[in-house]
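Let's walk through this structure together, one piece at a time. Have the sequence and the 3D view open as you read.

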Amino acid sequence: THEQVVEYQRSETITLGDFELGPGDLVTGRAFSGDADRYDAAVSSGGSLMVVMDLQLTEQLIQEGIAREFVNHVQQMRKAAQLEPSDEINIFVDETGSTKNALAAVEANLDAVVTKLRRRPVPASLRPVTAAPINEVQTDMGTITITRPALAFAAGVHPHVLSFVGSMNHEFVRSSLNGDGALTVTIDETTHTLVAGTDFFWQASDML
């Protein structure tokens, strides 16, 4: 039995009927008898150790793989655009025609993705009209676009105000806020007040 073999490997003696066998009288080994389609097994050269790997992909592993692939796409896009590591970008994804749900995989592995890309990817529908594209590629995840940083605006902001404020850089807008976090601009003799976090956002991912 299996138990007898294990005991022989431990004590190097075994009694079979009227016979007692000692060290070297039996040659023992390990063999995998499970599902070879699902598991991959390997035995050490001495036969004392067996390692079995489950080859079945779980949903978590699939999502992690898609997220890693997405990060690689963006890093290659940055490299192709000759960006410096310190250059900030926004990342947008249009999943039309995609065979993979990249954004769901990104959200499921958000900490790891943001650590590597320093930005949270968002749907292309949130891309501000003032976001200048840097690079764009078609993949099996859809269309990935990286852009220069740009303010994002809530629905209902007047187009003229959006265009005017959207052309400002972040530093100027920050320095122009009043104590309540609001920005006041006058266009065509009409004064408009925009509140940060309500009417406009520092990046599109803040709208999620």
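A good place to begin is helix α2, residues 59–80, whose 22 residues reach 32 Å from the first C-alpha to the last, close to the 32 Å expected at 1.5 Å a residue. That expected span is 1.5 Å times one less than the number of residues. Helices here are DSSP runs of H or I with at least four residues, strands are runs of E with at least two, and both are numbered from the N terminus. Before going further, please note that this is a predicted model, in which local features need pLDDT of at least 70 and side-chain atom pairs count only at pLDDT 80 or more, while totals for chains, interfaces and linings use all residues. Residues are numbered from 1 along each chain as its sequence is written, and side-chain values use heavy atoms, with hydrogens and water left out.

Which residues of α2 are buried? They are Gln63, Ile66, Ala67, Phe70, Val71, Val74, Met77 and Arg78. Looking down the axis of α2, you will find these buried residues within an arc of 140°, so they line one face of the helix. The arc is taken from the directions that run from the helix axis to the C-beta atoms. Buried means under 20% relative accessible area, exposed means over 50%, and partly exposed is in between (1.4 Å probe, protein chains only). On the face turned away from the buried side of α2 sit the exposed residues Arg68, Lys79 and Ala80. Leu61 also lies in α2, and its 42% relative accessibility makes it partly exposed. After the helix comes Gln82, with a positive phi near 60°.

What covers the buried side? The cover over the buried residues of α2 includes β5 (90–94), α3 (102–108), α4 (110–117), β7 (133–139) and β8 (142–147).

Now turn to the strands. Four of them form an open sheet of mixed pairing, in the order β6-β5-β8-β7; two strands pair if DSSP finds at least two bridges between them. β6 (122–123) and β7 are at the edges with a single partner strand each, so one side of each has no neighbour in the sheet. β7 and β8 run antiparallel and are joined by six bridges. One of the pairings is that of Glu136 with Thr145 in β8. α2 packs on this sheet, where it touches β5, β7 and β8, and its direction makes about 45° with that of β8. Such angles run from 0 to 180 degrees between N-to-C directions, with axes fitted to C-alpha atoms, for helices over the stretch in contact.

Helix and sheet meet again in the largest nonpolar core, which has 19 residues; Phe70, Val74, Ile91, Leu117 and Ile146 have the most contacts inside it. A nonpolar core is a set of buried Ala, Val, Leu, Ile, Met, Phe, Trp, Tyr and Cys residues joined through side-chain atoms within 4.5 Å. α2 gives the largest share of this core, six residues. Beyond its neighbours within four places in sequence, Phe70 has contacts (heavy atoms within 4.5 Å) that include Ile91, Val106, Leu117 and Ile144.

A second, separate core of 13 residues includes Val165, Leu183, Leu194 and Trp202. Val165 is also one of the buried residues of helix α5 (residues 159–166), along with Val161 and Gly166. The buried residues of α5 pack against β9 (152–153), β10 (182–187) and β11 (190–195).
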